[in-house]
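This report describes how one helix is placed within its fold. It then turns to a buried residue and to the nonpolar core.

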Amino acid sequence: TYLTLAIVVTTTLFCVAMFYFGQGFAEGMGFDSDAAPYFVPLSLATVLVTLLVGSRTALLVGVALSLLISYRVNGDIWLVTTYIVGNLVAGIAAGHSRRRIDLLRIGAVVALAQAAIVPVTVTLAGHAVTGEHLPLLLGAAVSGLLVGIATLGLLPAFEWLFDETTDTRLLELASADNPLLKKLALEAPGTYYHSTMVANLAEAGAEAIGANGLMS
């Protein structure tokens, strides 16, 4: 769909920009340039596609971009592994996201997962983990945090541009602070409470059969 394509293009451009930023940062700090690809927030695409399209599509997009970006930056199998782990963690976390604050938590979880996998991949590659691998850890953590921050900024834009309603948006619309709901509660309290009870029953029924209760 156009939405998926727009997400892929936007996130790819953002990832390329972060790669060049990582190169400049590594050179400025005297780090090895191999750290630059770890600053790429590749999981951003997975999170956005999961929230706006679906988890299956997000998995395909995440794997495809992991291979594409790794090839573009001359990465090895261990970089691909780091990207894929970040994508899997991001997809699982995004699937349980309901509120805007959860987007920042997703970034924190991805940062921890990517930082944790770096020593593992370094060891599997036959190297001892030393101080020279600290830039890789830093890049993996920073890119994870960027996923949460960038999602927080891009998600509303995609919701508006493509007229998509996510679970997060539905919760905001259903908030008791919504002016329309306040007006309904004041002018037609019977209808308001009856509608609330029916909505609660529908949500419980949907969740009982494994459906999305917010969409019921």
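The exposed residues Ile77 and Ile92 (exposed: over 50% relative accessible area; buried: under 20%; partly exposed in between; 1.4 Å probe, protein chains only) lie on the face of helix 4 that is turned away from its buried side. Helices are DSSP runs of H or I with at least four residues, numbered from the N terminus. The model is predicted: local features need pLDDT of at least 70, side-chain atom pairs count only at pLDDT 80 or more, and totals for chains, interfaces and linings use all residues. Residues are numbered from 1 along each chain as its sequence is written, and side-chain values use heavy atoms, with hydrogens and water left out.

The buried residues of helix 4 include Leu79, Tyr83, Asn87 and Ala90. The buried set covers an arc of only 165° around the axis (taken from the directions from the helix axis to the C-beta atoms), which puts these residues on the same side of helix 4. They pack against the following helices (contact: heavy atoms within 4.5 Å).

| Partner of helix 4 | Residues |
|---|---|
| helix 2 | 43–52 |
| helix 3 | 55–72 |
| helix 5 | 100–124 |

Thr46, placed in helix 2, is buried with a relative accessible area of 3%. Leaving aside neighbours within four places in sequence, Thr46 is in contact with Ala58, Gly62, Asn87 and Gly91.

The largest nonpolar core (buried Ala, Val, Leu, Ile, Met, Phe, Trp, Tyr and Cys residues joined through side-chain atoms within 4.5 Å) has 37 residues, of which Ile7, Val40, Leu42, Val47 and Ile106 touch the most other members. Helix 2 supplies the largest share of this core, 7 residues.

Conventions: Helices (H or I, at least four residues) and strands (E, at least two) are DSSP runs, numbered from the N terminus.
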